[in-house]
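Visitor: Could you walk me through this model and tell me how its labels are earned?
Guide: Gladly, let us look at it together.

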Amino acid sequence: MSQLQKLESKNLTWFPVSEKQPILDKISASFMSGKFYGIIGPNGSGKSSFVRHILNFLKHTKGSVCLNGKEVECYSRLELAKNLALVPQNTSIDTSFSAYEIVSMGRNPYQKRFGGETKEDIHKVTEAMKMTSCLEFKDKPFRNLSGGEAQRVIVARAIAQDTPWLLLDEPISNLDIRHQLELMETLKKLNSERKTSILAILHDINIAVSYCSDIIMMKEGQIKYMGETLEVLTCERLFEVYGVQFLKISHPETKKPYFLAQYSSSVELAD
């Protein structure tokens, strides 16, 4: 696969039809290959909309999103699929396809029309399912999977797509604690060993601290802060973004910061 060197947005602005306020407001950001980015922020801050614009699923009102200096709308859908893979927030698909068949769809950008699976396709799919602990139910109909099982299958599909960039929208939201950590370790391995660049929307701040090299903090359609994780995340900035007081402590083993939310009835939260 070709290595994607740079992904960037410039003054990205999006006004959906009938909306008076922008969902995305003049977002400018550069993402360099080889890093593990985490996007955090309260609900409604524009995180998912930002990712969907990167993938050219939504048409922006102003500004641009570029891959290696070329605007995403100038790429064919096939070209984008060979560079960017997505794990969406909604993994509910009512289909009789098996888990294996769903994962094998990640190989579609590389297959010739009317061509069958190659040995490389089979290898990529099997490897991805092993990495996400879903090979054991490969023959099970996708519609019969639990929410956590379905999530792992969709992640495996994106891994099998074998792209330079992997974009994930709340990838651990349907997983139990064990599988949350297993998935994050898998993403860390992809990032460190395959040099896959990762951009993941996360709600768990401490998961982001543990795994992400860089953090993007969003609020009200804007990027408030962006940079190396340990430099960006402070209690003051978390309060500014979330409207909640945080206590910062050090993890007893890793020594990394750990943030404890402290709800106070005196703090006025936004709707």
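What follows is a short conversation about a predicted model.

Visitor: What makes the chain as compact as a globular protein of its length?
Guide: Two values are set side by side here. The radius of gyration is 19 Å, and the globule rule gives 18 Å for 271 residues; the two are close, so the chain is as compact as a globular protein of that length. Along the principal axes, the C-alpha atoms fill a box of roughly 60 × 45 × 35 Å. Within the chain there are nine helices and twelve strands.

Visitor: How do you know that S4 and S5 are paired, and in which sense?
Guide: Pairing takes at least two bridges between the strands. Strand S4, residues 62-67, and S5 have two bridges, in the antiparallel sense, so the pair meets the cut-off of at least two. Cys 66 stands opposite Glu 71 in S5.

Visitor: Which strands stand at the edges of the sheet, and why?
Guide: The sheet is open, with four strands in the order S2-S1-S4-S5 and antiparallel pairing. Strand S2 (24-32) and strand S5 (70-71) each have a single partner strand, so one side of each has no neighbour in the sheet, and these two are the edges.

Visitor: What packs on that sheet?
Guide: Helix H1, residues 47-54, does, touching strand S1 (6-14), S2 and S4. The direction of H1 makes about 120 degrees with that of S1.

Visitor: What is the make-up, by class, of the lining of the second largest pocket?
Guide: The second largest pocket has a volume of about 260 Å³. Of its 14 lining residues, Phe 57, Ala 81, Leu 84, Leu 86 and Gln 161 are the closest to the centre. Helix H2 (77-81), strand S6 (84-87) and helix H5 (147-160) are the elements that give two or more residues to this lining. By class, the pocket lining has ten nonpolar, two polar and two charged residues.

Visitor: And how many cavities of 30 Å³ or more does the structure hold?
Guide: Two. The second largest cavity has about 50 Å³ of space. Its lining includes Met 131, Arg 152, His 179 and Glu 182.

Visitor: Which helix gives the largest share of that cavity's lining?
Guide: Helix H6, residues 177-193, with four residues. By class, the lining of the second largest cavity has three nonpolar, four polar and two charged residues.

Terms used:
Residues are numbered from 1 along each chain as its sequence is written. This is a predicted model: local features need pLDDT of at least 70, side-chain atom pairs count only at pLDDT 80 or more; totals for chains, interfaces and linings use all residues. Side-chain values use heavy atoms; hydrogens and water are left out. Contact means heavy atoms within 4.5 Å. Axes are lines fitted to C-alpha atoms, for helices over the stretch in contact, and angles run from 0 to 180 degrees between N-to-C directions. On a 1 Å grid over the protein atoms alone, a cavity is a set of points where a 1.4 Å probe fits but cannot get out, and a pocket is an open set with protein on both sides within 12 Å along at least five of seven lines; lining residues have an atom within 4 Å of a point. Grid points are joined across faces, edges and corners, and a volume is the space filled by probe spheres set on the points. Ala, Val, Leu, Ile, Met, Phe, Trp, Tyr, Cys and Pro count as nonpolar, Asp, Glu, Lys and Arg as charged, and the others, Gly among them, as polar. The radius of gyration is taken over C-alpha atoms; the globule rule is 2.2 Å times the number of residues to the power 0.38.
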